[in-house]
Amino acid sequence: MGYVVALDYSNPHLSPFEEFQRFKTHPAVRGVFEGGRRVSYGARALNEGGFQSIPKLTFPGGCLVGCTAGFLNVPKIKGTHTAMKSGMTAAEAIFEALEACEPWHEPVTYTEKLQSSWLWPELHKVRNIRPGFAKGLWLGLAHAAIDTYILRGHAPWTLKNHADHTALKKAADAPKIDYPKPDNVISFDRNSSVYLSGTNHEENQPAHLTLKDPSVPVAHNLALYDAPEQRYCPAGVYEIVKDDAGDARLQINAQNCVHCKTCDIKDPTQNIVWVTPEGGGGPNYPNM
């Protein structure tokens with residue numbers, strides 16, 4: 001079962017992982033899980049920027065397809081069909097570039113082919129649904145209804161997106177959240193869940209989670225936001241630890257990383273930079 005939390009939430013005390021565990025204990029949901037067995041675990045950040053966030057799609061030697069390019073249909077939370085279509089279109093454009101022996105083999109016709117396919121109007125039609133919720137749930141629902149059933153995606157405006165990392169309030173200005181302890185029947189802890197993801201990284205490889213400024217996690221994130229990286233990470237990668245003198249530091253357990261890239265998106269100062277890991281390390285996702 002999947003559970004989605006929008007990363008533009010404002011309360012730094014919120015934990016998407018714990019929200020999912022609490023959701024499963026709701027009386028209307030609990031029965032679905034009772035008698036079942038936890039077989040795997042994983043996490044991903046959905047690329048929800050949509051039509052207005054699509055970047056330049058080609059470059060010398062390649063092109064962007066699927067969720068890499070932002071082709072997720074956000075209201076439907078579906079992207080497999082658009083990923084397949086963009087892959088097929090990319091293959092056609094790449095073949096033409098190779099056949100024409102163009103410099104650096106940039107598939108320049110890829111974007112034009114996509115724009116003339118069904119993928120482009122599908123994404124354009126739903127472009128305003130997700131940004132419409134920036135002003136709140138009820139206004140978002142009202143706008144989505146008008147845009148979908150009355151304007152049918154042909155609104156004369158295109159709403160802008162906003163960066164998720166700018167949405168956090170200061171910890172002192174947000175209520176703390178008391179999450180129930182896992183019962184190990186319906187709800188579980190993060191560490192045992194990460195174990196089921198089959199995540200593995202070689203211990204001697206360079207860390208793929210880097211910091212622009214090592215002082216920021218304590219001096220800024222901990223001081224102002226109570227170190228939200230401890231909670232928004234679904235794998236327990238980031239941990240504030242104190243030495244015998246009581247001095248705090250950020251410990252990065254990179255071997256736990258499931259490559260969801262939430263930290264790269266949600267870090268309030270954009271100080272955390274996810275880079276491509278060395279080798280084939282990462283989650284294995286058994287039984288999936």
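The legends below describe close-up views of a predicted model.

**View 1. Salt bridge between E19 and R22 within helix α1.** In this view the side chains of E19 and R22 are joined by a salt bridge, with the closest N and O atoms 3.1 Å apart. The two residues are separated by about one helical turn, because they stand 3 residues apart in helix α1. The partners differ in their cover: E19 is buried, since its relative accessible area is 14% and the limit for a buried residue is under 20%, whereas R22, at 32% relative accessibility, counts as partly exposed. A search of the whole structure finds 8 salt bridges, and the pair of E19 and R22 is one of the salt bridges described in these legends.

**View 2. Salt bridge between R30 and E34.** Here R30 and E34 are the partners in a salt bridge whose closest N and O atoms lie 3.1 Å apart. R30 is partly exposed, with a relative accessible area of 26%, and E34 likewise counts as partly exposed, its relative accessibility being 47%.

**View 3. Salt bridge between D226 and R231.** The side chains of D226 and R231 meet in a salt bridge, for which the distance from N to O is 3.9 Å; this value falls within the 4 Å that the definition of a salt bridge allows. R231 is buried, with a relative accessible area of 16%, while D226, at 28% relative accessibility, counts as partly exposed.

**View 4. A network of salt bridges that links D8, E48 and R130.** In this close-up the acidic residues D8 and E48 are shown together with R130, and the three are linked in a network of salt bridges.

**View 5. Surroundings of S192 and S193 in helix α7.** The neighbouring residues S192 and S193 both lie in helix α7. S193 is buried, with a relative accessible area of 2%, whereas S192 is partly exposed, with a relative accessible area of 23%. When residues up to four places away in sequence are not counted, S193 touches F17, R38, Y41 and F188. Y41 also serves as a reference point for S192: the two residues are 151 residues apart in sequence, but their C-alpha atoms are 9.3 Å apart in space.

**View 6. A nonpolar surface patch formed by V4, L46 and I77.** The side chains of V4, L46 and I77 form a nonpolar patch on the surface, and together these residues have about 280 Å² of accessible area. V4 belongs to the segment before α1, a helix that spans residues 16-24. With a relative accessibility of 54%, V4 counts as exposed, because the limit for an exposed residue is over 50%.

**View 7. A positive surface patch formed by K76, K78, K125 and R152.** The view shows the lysines K76, K78 and K125 along with R152, which together form a positive patch on the surface. R152 is placed in the loop between α6, which covers residues 137-150, and α7, which covers residues 190-196. At 53% relative accessibility, R152 counts as exposed.

Conventions:
Residues numbered from 1 in each chain as written. Predicted model: local features only at pLDDT ≥ 70, side-chain atom pairs only at ≥ 80, totals over all residues. Heavy atoms only, no water. Patch = residues over 30% accessible without salt bridge, like charges linked within 9 Å, V, L, I, M, F, W, Y side chains within 5 Å. Areas by Shrake-Rupley, 256 points an atom, 1.4 Å probe, with all protein chains shown as cover. Lys, Arg positive; Asp, Glu negative; His and termini not counted. Charge placed at Lys NZ, Arg CZ, Asp CG, Glu CD. Helix = DSSP H or I, 4+ residues; strand = E, 2+ residues; numbered from the N terminus. Buried < 20%, exposed > 50% of the residue type's maximum accessible area, 1.4 Å probe, protein only. Contact = heavy atoms within 4.5 Å.
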